[in-house]
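Biologist: I would like to go through this model with you, one point at a time. Please give the reasoning before each result.

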Amino acid sequence: MSDRANRKPETGAFFPRDRNWHAPALTPGYKTSVLRSPQKALLSLDGTISEITGPVFGHSMLGELDNDLIHNFAKPGESAIGERIIVHGRVLDERGRAVPGALLEFWQANAGGRYRHKKESYLAALDPNFGGCGRTITDDDGFYSFRTIKPGPYPWPNGVNDWRPAHIHFSVFGHGFAQRLITQMYFEGDPMIWKCPIVNTIADRRAIEQLIAPLDWANTIPMDARAYKFDIVLRGRRSTMFENRMEGN
Amino acid sequence: MVQALGTLKETASQTAGPYVHIGLTPNFCGIDGVYDADLGTKMVSERTLGERITVSGRVLDGTGTPLRDALVEIWQADAAGLYNSPSEMRGAADPTFSGWGRCATGAEDGLFRFDTIKPGHVPFKDGRPMAPHITFWIVARGINIGLHTRMYFPDEAEANAADPLLLRVEHRHRVATLVAAGSAPNYIFDIHLQGEKETVFLDI
């Protein structure tokens with residue numbers, strides 16, 4: 001957190017969200033959204049101190065295997081089955097600045113496309129050595145990495161024959177609660193991405209392409225694991241000089 | 001041609017999906033042993049200053065059915081109205097209170113519950129006081145981008161009447177969707193995703 005400690009305090013409000021870039025709330029191709037989408041206009045206003053602030057998570061909360069999904073649920077001496085991969089990247093804001101100290105939490109299906117969850121009904125087998133969750137915190141330059149196995153695609157009840165492309169869910173905290181984000185990472189070259197009703201809730205192809213991690217050959221570890229690179233961009237914030245002074249500031 | 005602004009686009013949101021618990025509350029869904037405890041489940045310790053309260057409620061869909069696969073996070077100031085954040089420039093918040101909580105809605109009843117403290121007043125951008133409030137963020141299967149809203153307190157009628165955000169709500173009967181029911185110390189805040197009682201959600 002030293003980089004963050006050396007920075008000037010960040011007290012500017014966040015750039016407005018581009019609501020045409022994100023999926024709208026109502027996307028009938030993804031059926032569950034029909035009854036869960038607000039229908040009235042959002043109340044828009046510039047962020048207050050309740051949104052420009054956010055919780056801080058320290059590196060000390062992390063366990064040794066939190067960023068290793070191959071081993072963090074496995075029995076001693078065993079490991080999860082599947083294609084071994086490293087997922088790494090940076091968390092940046094819309095101004096291109098690194099976001100240090102960002103808590104990332106991720107979850108995914110196993111190599112056969114099965115989640116470890118009591119509501120899951122897919123007939124693919126559970127892997128006794130794979131839990132499916134992990135977390136890490138970005139370093140002073142906004143970098144993160146974790147090890148896992150490549151998740152499998154799986155069918156889901158929406159249309160008669162809808163399948164999810166292989167993906168990893170990400171939950172991200174920035175420095176302000178207004179930056180809170182959940183998204184999904186997809187894998188380069190997967191033809192199923194473009195058939196997925198959840199992917200296609202996003203109208204702008206460039207926004208979808210930003211969710212697809214390329215195979216990162218240079219960072220692949222010989223005889224061990226291939227690397228995929230996934231950068232995440234959070235809302236930027238105005239510098240303090242563009243703000244009205246807050247009381248007591 | 002002009003110079004490029006050089007800004008990046010925010011990563012697009014995608015739904016948290018039906019298995020959000022695996023990632024964010026693994027112990028809640030039976031994945032034991034990876035983390036000691038789920039994050040955000042314990043907000044208050046014996047040393048935390050302030051009036052103890054509970055905030056419970058449900059997230060309801062357009063038919064009035066509670067979501068049993070939603071996840072709710074809250075963010076709030078401490079009893080003195082200070083946020084435990086590096087962006088808080090007005091003073092040091094209570095070090096025993098992070099101000100952040102996370103709770104999955106119950107698999108049977110759809111209820112969430114937070115044991116927390118009542119937040120103090122915090123100022124709006126122009127210095128006017130905002131009424132005590134708790135920021136809410138809701139994600140679930142079927143919600144494409146997390147929903148922000150606020151809960152205000154039913155026993156703060158005078159402060160609520162002068163609250164700069166509540167004053168911005170054009171259709172005045174909708175202000176009630178942002179005010180909890182119940183009374184101290186147990187407040188109830190139901191969040192309606194759709195319908196006549198649709199909660200006012202914020203683009204903030």
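Modeller: One definition is needed beforehand: a residue is exposed if 12 or fewer other C-beta atoms lie within 10 Å of its own, and buried if there are 20 or more. Note also that this is a predicted model.

Biologist: Is Met223(A) buried or exposed?

Modeller: Met223(A) is found in the loop between β10 (212-213) and β11 (226-229) of chain A. Its phi is near 65°, a positive value in a residue other than glycine. Most residues other than glycine have a negative phi. Because 5 other C-beta atoms lie within 10 Å, Met223(A) is exposed.

Biologist: Which element gives the largest share of the side of chain B that touches chain A?

Modeller: On chain B, 68 residues are in contact with 80 residues of chain A. The elements of chain B that give two or more residues to this side are α1 (20-24), β5 (122-123), β7 (133-140) and β12 (202-203). The largest share, 5 residues, comes from β7(B).

Biologist: How many charged residues does the side of chain B that touches chain A have?

Modeller: By class, 34 residues on that side are nonpolar and 23 are polar. The charged residues number 11.

Biologist: Which residue stands opposite Leu43(A)?

Modeller: Strand β1 (residues 43-44) of chain A pairs with β12(B) in the parallel sense, over 2 bridges. Opposite Leu43(A), in β12(B), stands Leu202(B).

Biologist: What is omega for the peptide bond that joins Ala184(B) and Pro185(B)?

Modeller: Pro185(B) lies in the loop between β9 (181-183) and β10 (186-188) of chain B. Most peptide bonds are trans. The bond joining Ala184(B) and Pro185(B) is cis, with omega about 0°.

How values were computed
Residues numbered from 1 in each chain as written. Chains lettered and ligands numbered in written order. Predicted model: local features only at pLDDT ≥ 70, side-chain atom pairs only at ≥ 80, totals over all residues. Contact = placed C-beta atoms within 7 Å. Helix = DSSP H or I, 4+ residues; strand = E, 2+ residues; numbered from the N terminus. Nonpolar A, V, L, I, M, F, W, Y, C, P; charged D, E, K, R; others polar. Pairing = 2+ DSSP bridges.
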